[in-house]
Amino acid sequence: MDKVYIELEPGSWHGHSIESMWATRLDNGLYKVKNSPFFARGISYEDIVEVTQRDGVNMFVRTVFPSGGSTYRIIVEKNTTKAQFEHFWTPLEAEGCTYEQGDFGYIMYSVNVPKEADVHRVFACLNEGETQKAWDFEEGHCGHVTRTQ
């Protein structure tokens with residue numbers, strides 16, 4: 001796998017200017033993203049993205065083929081126990097969500113919501129965890145297509 005770098009919005013709350021993501025090289029400057037971003041917006045796991053070379057580094061240009069999944073971020077409250085986290089995480093896991101954990105001076109989870117998941121149910125579960133003060137969350141990218149009946 002290769003690293004793909006994405007420039008982040010200046011002045012964002014997290015203070016980072018760039019983020020790297022693992023990706024698998026396809027053809028014609030395209031890569032398939034293989035992890036969920038912690039800070040980048042508008043991109044999700046398994047999106048196919050275009051990159052350009054800048055000083056020998058793969059730099060994100062745009063998403064070419066969205067995966068249909070979404071990305072949310074969870075920042076766990078300092079007093080949240082492992083059992084409390086798991087209590088609120090279990091329904092998300094039942095929807096097929098996975099996460100990556102990072103320590104940035106605070107514990108943060110980047111949550112991959114697969115396209116098969118009910119994104120409305122996932123959002124409700126995330127909101128419940130926030131309401132019960134287990135975590136704060138934010139949407140990094142909603143790639144789910146709303147279907148009409």
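Here is a short set of questions and answers about this predicted model.

User: How are residues numbered, and what pLDDT do local features need?
Analyst: Residues are counted from 1 along each chain as its sequence is written, and side-chain values use heavy atoms, with hydrogens and water left out. Because this is a predicted model, side-chain atom pairs count only at pLDDT 80 or more, totals for chains, interfaces and linings use all residues, and local features need pLDDT of at least 70.

User: In what order do the elements of the protein chain run from the N terminus?
Analyst: Helices (H or I, at least four residues) and strands (E, at least two) are DSSP runs, numbered from the N terminus. The protein chain has 2 helices and 9 strands. Their order is β-β-β-β-β-β-α-β-β-α-β.

User: What is the radius of gyration of the protein chain?
Analyst: The radius of gyration is taken over C-alpha atoms, and the globule rule is 2.2 Å times the number of residues to the power 0.38. For 149 residues that rule gives 15 Å, and the chain's value is close to it, so the chain is as compact as a globular protein of that length. The C-alpha trace spans about 45 × 45 × 25 Å along its principal axes. The radius of gyration itself is 16 Å.

User: Which residues touch the most other members of the largest nonpolar core?
Analyst: A nonpolar core is a set of buried Ala, Val, Leu, Ile, Met, Phe, Trp, Tyr and Cys residues joined through side-chain atoms within 4.5 Å; buried means under 20% relative accessible area, exposed over 50%, and partly exposed in between (1.4 Å probe, protein chains only). The largest such core has 19 residues, and those touching the most other members are Ile74, Leu92, Val111, Leu126 and Trp135.

User: Which elements give two or more residues to this core?
Analyst: Both helices and several strands appear in the list. In chain order, they are strand 6 (70-76), helix 1 (82-94), strand 8 (107-113), helix 2 (119-131) and strand 9 (135-141).

User: How many residues does the other core, the one with Met21, have?
Analyst: This core lies apart from the largest one. Its members include Met21, Tyr31, Ala40 and Ile43, and its size is 14 residues.

User: Is the Phe85 and Tyr99 pair stacked or edge-to-face?
Analyst: Rings of Phe, Tyr and Trp (its six-membered ring) pair if their centres lie within 6.5 Å; planes under 30 degrees apart count as stacked, over 60 as edge-to-face and the rest as tilted. By this rule there are 14 aromatic pairs. For Phe85 and Tyr99, the centres are 6.0 Å apart and the planes meet at 90°, making the pair edge-to-face.

User: Where do Phe85 and Tyr99 lie in the chain?
Analyst: Their pair links distant parts of the chain, 14 residues apart. Phe85 is buried at 7% relative accessibility, while Tyr99 is partly exposed at 36%. Phe85 sits in helix 1 and Tyr99 in strand 7 (residues 98-103).

User: Which residues do ring pairs link into a cluster?
Analyst: Phe85 and Tyr99, met above as a pair, both belong to this cluster. Its members are Phe85, Phe88, Trp89, Tyr99, Tyr109 and Trp135.

User: What is the phi of Asn28?
Analyst: Most residues other than glycine have a negative phi. Asn28 lies in the loop between strand 2 (18-25) and strand 3 (30-33), and is exposed, with a relative accessible area of 76%. Although Asn28 is not a glycine, its phi is positive, at about 55°.
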